[in-house]
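Biologist: I should like to go through this structure step by step. Shall we begin with the empty space inside?

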Amino acid sequence: MRDQLYINGQWVRPDLGGYFDVLDPSNGDLIQRVPAATEEDIDHAVHAARQAFNRGWGQSSGAERGDWLDALANELEGRQDALAVLEVRDNGKPLPEAQWDIADAIGCFRYYAQLARELDARQDEPLALPDERFSCRIRYEPVGVAGQIIPWNYPLLMAAWKVAPALAAGATCVLKPSELTPLTALELAGAAERIGLPSGVLNVVTGLGGEAGGPLSQHPGVDKLAFTGSVPTGVKIMSAAAADIKNVSLELGGKSAFIVFDDADVEAAVEWILFGIFWNQGQVCSATSRLLVQEGIAERLLERLVEEARRITIGPGLERGVLLGPLVSAGQLQKVMGMIEQGRQDARLLTGGKRPAHLSHGYFVEPTVFDEPGENSLIWREEIFGPVLCVKRFRTEAEALRMANDSRFGLAAAVMSADLERAARVANGLRAGIVWVNCSQPTFTQAPWGGMKQSGIGRELGRWGLDNYLEVKQVTEYRSAEPWGWYL
């Protein structure tokens with residue numbers, strides 16, 4: 001348990017001495033108090049990151065950086081079980097989900113360690129030019145200081161998605177975790193300290209959005225801003241970045257559609273629908289929260305869906321057999337319950353919609369399914385970020401595509417059909433950055449992640465995640481012995 005900021009390789013108290021409470025969402029109890037960084041602390045962290053970049057991290061080889069990333073992965077792996085338990089206490093998710101997340105975070109560091117090494121081979125690659133008097137080579141150089149702001153739904157994993165590619169590229173980082181779930185980000189800083197990562201390469205500053213996130217977004221010493229979270233906050237970050245023309249990548253909200261055709265296997269469909277909306281309590285940007293079912297199987301599928309949703313075990317994440325934990329905070333519970341109340345006026349409630357009877361404490365809500373909300377209904381159009389599914393029926397492929405694409409969001413989508421040609425055709429027609437066929441939510445470090453429309457800018461993961469933190473430079477040389485001869 002850490003109670004200090006990690007800046008320039010040292011644990012330091014916040015300049016103004018402020019702290020805030022971190023609560024266990026399963027019961028509302030205090031876990032610990034965490035330092036509340038302010039503009040002064042952000043300035044120290046950015047300065048430390050700049051100094052580290054200039055001292056040599058930005059000029060180090062990919063092979064060197066790969067070794068540091070592997071060391072971080074090894075250090076995290078040695079504490080994997082404890083980190084998973086801490087993630088449950090901080091976020092609320094069931095332990096098996098947290099264990100999966102921590103393993104994925106470790107794998108992310110290992111993956112980018114390898115990409116860092118491969119980057120060396122890409123440096124100075126020749127580019128053929130139409131004029132033989134010139135030669136050209138291409139370099140990939142780090143963007144500089146990266147300010148990174150991450151959400152609370154996958155605390156350590158989102159930190160890995162940001163920090164690993166940035167360090168692999170040769171950038172230095174100032175990481176601000178969500179004030180709701182800062183604990184494993186601080187443990188990442190602890191891992192960096194234990195392996196002796198050069199001072200200032202990774203700085204972790206906990207704090208509130210307005211007091212720490214805002215100053216980080218606006219700091220003139222930050223070259224790159226990477227943010228995952230809500231659209232309104234993304235707008236603020238993009239506006240702040242405009243003042244200095246900062247490089248920006250944003251992964252924002254979603255209201256993803258799941259199209260199920262009437263030739264799909266009902267049992268398989270029900271399994272993936274449940275996974276697509278109730279995994280992580282529905283607190284997933286890519287959650288397939290809009291279900292479009294072809295009329296031929298709609299009644300049978302909904303009957304099975306409701307039956308299985310009612311069987312999901314709800315409770316504290318550390319209890320054996322729990323598949324749905326609490327929402328992350330009292331505020332999130334209030335928001336989700338407000339959307340559910342709105343939904344009662346707009347659609348037919350098939351199941352859920354309330355606190356489980358056996359759980360009087362904590363931020364719990366039952367798996368909830370609404371049938372046939374209007375296409376302009378709030379619950380159909382806006383991201384709820386909770387275990388709430390909305391269902392509508394369709395007749396034709398064209399109608400399904402129209403309804404799926406009729407959204408300001410475009411993060412993800414899914415389609416199920418036994419006709420693979422149709423599934424491929426629909427996948428190609430969906431206006432989303434991620435499309436799953438005959439499944440929902442599988443996420444691989446090697447594949448690009450990001451959205452269209454208001455779901456964001458840029459891509460994370462895979463080689464695209466590394467490119468987020470690289471600047472491309474051409475070096476062109478005049479090779480001819482003859483003078484240019486334009487003026488002289």
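**Cavities and a central strand**

Modeller: In this predicted model, the volume of the largest cavity is about 90 Å³.

Biologist: Which elements give two or more residues to the lining of the largest cavity?

Modeller: The lining of this cavity consists of 16 residues, and among those nearest its centre are Arg290 and Phe409. By kind, the lining residues comprise eight nonpolar, four polar and four charged. The elements that supply two or more of them are α13 (397-405), β17 (409-410) and β18 (412-416).

Biologist: Is strand β13 mostly covered or exposed?

Modeller: On one side of β13, Arg290, Leu292 and Gln294 are buried, and on the other side Leu291 and Val293 are buried. Buried here means under 20% relative accessible area. With five of its five residues buried, strand β13 (residues 290-294) is mostly covered.

Biologist: In which sense do β13 and strand β16 pair?

Modeller: Val293 of β13 stands opposite Arg393 in β16. Five bridges join β13 and β16 (residues 388-394), and the sense of their pairing is parallel.

Biologist: What unit do β12, helix α9 and β13 make?

Modeller: Strand β12 (residues 257-260) pairs with β13 in the parallel sense over four bridges. One contact in this pairing places Ile259 against its bridge partner Leu292 in β13. Together with helix α9 (residues 266-278), these two strands make a right-handed β-α-β unit.

Biologist: Where does UniProt place the aldehyde dehydrogenase domain?

Modeller: The stretch concerned is 42% helix and 20% strand, with its end C-alpha atoms 41 Å apart. The UniProt record, an unreviewed entry, places the domain at residues 11-475.

Conventions
Residues are numbered from 1 along each chain as its sequence is written. This is a predicted model: local features need pLDDT of at least 70, side-chain atom pairs count only at pLDDT 80 or more; totals for chains, interfaces and linings use all residues. Side-chain values use heavy atoms; hydrogens and water are left out. UniProt positions are given in the numbering used here, feature names are shortened, and annotations may be inferred rather than shown by experiment. Buried means under 20% relative accessible area, exposed over 50%, partly exposed in between (1.4 Å probe, protein chains only). Two strands pair if DSSP finds at least two bridges between them. A crossover is right-handed if, with the strands pointing away from the viewer, the path from the first strand over the helix to the second runs clockwise. On a 1 Å grid over the protein atoms alone, a cavity is a set of points where a 1.4 Å probe fits but cannot get out, and a pocket is an open set with protein on both sides within 12 Å along at least five of seven lines; lining residues have an atom within 4 Å of a point. Grid points are joined across faces, edges and corners, and a volume is the space filled by probe spheres set on the points. Ala, Val, Leu, Ile, Met, Phe, Trp, Tyr, Cys and Pro count as nonpolar, Asp, Glu, Lys and Arg as charged, and the others, Gly among them, as polar.
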